[in-house]
Amino acid sequence: MAPINASVSSVYSLYKLFTRTYICFPSLPVVRPIFMASPSSATVSGVGLTTISALPADILTHILQLLDGPTLASVSCASSHLHALSSDPRLWHNLCRSMWPSSDHPRVSHLISTAFSDAHHSFFSDSFPLLPLHPLSPRVPHPLHHLISAVDLHHCGIPVFSKVLETETRTGWFFSSPFRIDALDRKDPPPPPPPGEISGETLAADLTLSWILIDPSGGRAANLSSLRPVSVQRHWLSGEIQARFATVLIAEPEGEWITCGVLVTCGECGEVREVSMQVEDMDGMSLNGRDSLVILQRAMEGGRATKEREIERMRERYGEYVRRKREKKEKKLRREGRLDLACVLLGVHVFSSFLWFVFFR
């Protein structure tokens, strides 16, 4: 049998998972990784030797169910046989459901099955990678009349909050008002806190958030969260803990940095009180619905980045955004200070001229 043409890391991950599965199936022959013994080797110490592709399909499917999304995608490129098994829609459906419980909502599940080209596989490809810091394309392919938000909040891998929101974007009120989506309002009953005595600050630091924005008409989605908080602060007045998740984008052609920020507010006892998303510019002002809609659609149509690399850079990128924002504010204050000084000098000059005209005419 020809060896599997794949990277050593991907196949080795599959091989390690098989060794764990072998405990449950002791009658299976020993699996040979492609980078070890040659295919001509028939036995090792009297035990049958074979390649991974020679395993029964049900056993391989069981092993593939243990993989995460990126590893499953890598294994699908190893051979045509593994590609066919990895393309099973049930694998990607279960994977999406385990990562994002909101994707199992009837409205979202139906939308994924009908609007996305390859159902849950395409949805995962859009939603799993984070958005990179690249200039957004100015091209807007079609008007965005409806938005669906799939929000999932986890604490140390345990689901805390999950909700699906639908936003109507065709009204004049939406276009002119500041863009804001509340997944959890203060008027709503808060979700139960995680088990155990957890302070609000500890809870906020260990939170992971996924806010997937879905375009129903275009069949595209994007995860607007930074997955982990870029900042955790205590509110100066209420004492509540605020965890901020943010994705920094560059709007073209102006080149201005814009943040899609999600604010999660936690109480002292570890309860989540508020989850909301806004789009802000460098001046700290919330964009209106019309401008935010253009930014969000360009983000969904843009490229994606490797998740592990982007998670490490999200906090640094947000820190750079805060620094640029502070420098812009200081520059604006200096400009306004010079303008105020010029106005004062002009007023003094006019007043002096008036006095000179009155007393020395």
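By the distance rule used here (a side-chain nitrogen of Lys or Arg within 4 Å of a carboxyl oxygen of Asp or Glu), the count comes to 13 salt bridges. The model is a predicted one, so local features need pLDDT of at least 70 and side-chain atom pairs count only at pLDDT 80 or more, while totals for chains, interfaces and linings use all residues. Residues are numbered from 1 along each chain as its sequence is written, and side-chain values use heavy atoms, with hydrogens and water left out.

First, the overall picture. The chain has eleven helices and twelve strands; these are DSSP runs numbered from the N terminus, with helices being H or I runs of at least four residues and strands being E runs of at least two. Of its 361 residues, 44% count as buried. Here buried means under 20% relative accessible area, exposed means over 50%, and partly exposed is what falls in between, with a 1.4 Å probe and protein chains only. The chain exposes about 19,000 Å², and carbon and sulfur atoms supply 58% of that area. Accessible areas come from the Shrake-Rupley method with a 1.4 Å probe, and for residues only the protein chains shown count as cover. As for contacts (heavy atoms within 4.5 Å), take those between residues at least 6 apart in sequence: 63% of them join residues at least 24 apart.

Back to the salt bridges, with helix H11 as the place to look. This helix covers residues 307-359. Within H11, Glu320 and Arg323 sit three residues apart, about one turn of the helix, and their side chains meet in a salt bridge at 2.4 Å, N to O. Arg323 also forms a salt bridge with Glu327, where the closest N and O atoms are 2.5 Å apart. Arg323 and Glu327 are both in H11 too, four residues apart, again about one turn. An α-helix has 3.6 residues a turn, so residues three or four places apart point the same way. Adding Arg324 to the picture, Glu320, Arg323, Arg324 and Glu327 are linked in a network of salt bridges. Glu320 is partly exposed at 24% relative accessibility, Arg323 is partly exposed at 31%, and Glu327 is partly exposed at 40%.

Another salt bridge joins the side chains of Asp88 and Arg90, at 2.9 Å, N to O. Its two partners have opposite labels: Asp88 counts as buried because its relative accessibility is 17%, whereas Arg90 counts as exposed because its value is 61%.

Helix H11 also contributes to the surface patches. Patches are made of residues with over 30% relative accessible area and no salt bridge; like charges are joined within 9 Å, and nonpolar side chains (Val, Leu, Ile, Met, Phe, Trp, Tyr) within 5 Å. Lys331, Lys332, Arg334, Arg335 and Arg338 gather in a patch of positive charge on the surface. Lys and Arg count as positive and Asp and Glu as negative, with His and the chain ends not counted; the place of a charge is NZ of Lys, CZ of Arg, CG of Asp or CD of Glu. Lys332, one of the patch members, is found in H11 and is partly exposed, at 39% relative accessibility. A nonpolar surface patch of about 940 Å² is made by Phe351, Phe354, Leu355, Trp356, Phe357, Val358, Phe359 and Phe360. Phe351 lies in H11 and is exposed, with a relative accessible area of 52%.

Helix H7 shows a buried side. Spanning residues 119-127, H7 has His120, Ser122, Phe123, Phe124, Asp126 and Ser127 as its buried residues. These pack against helix H3 (69-76), helix H5 (89-99), helix H6 (106-115), strand S7 (207-215) and strand S8 (220-223). Ala119 is also placed in H7, and is partly exposed at 22% relative accessibility. Its backbone deserves a look: Ala119 has a positive phi of about 55° although it is not a glycine.

Leu227 also has a positive phi without being glycine, with a value near 70°. This residue lies in the loop between S8 and strand S9 (231-234), and Leu227 is buried, with a relative accessible area of 17%.

Finally, Gln297 is placed in helix H10 (residues 289-301). Gln297 counts as buried because its relative accessible area is 3%. The C-alpha atoms of Gln297 and Leu147 are separated by 10.0 Å, with their positions 150 residues apart along the chain.
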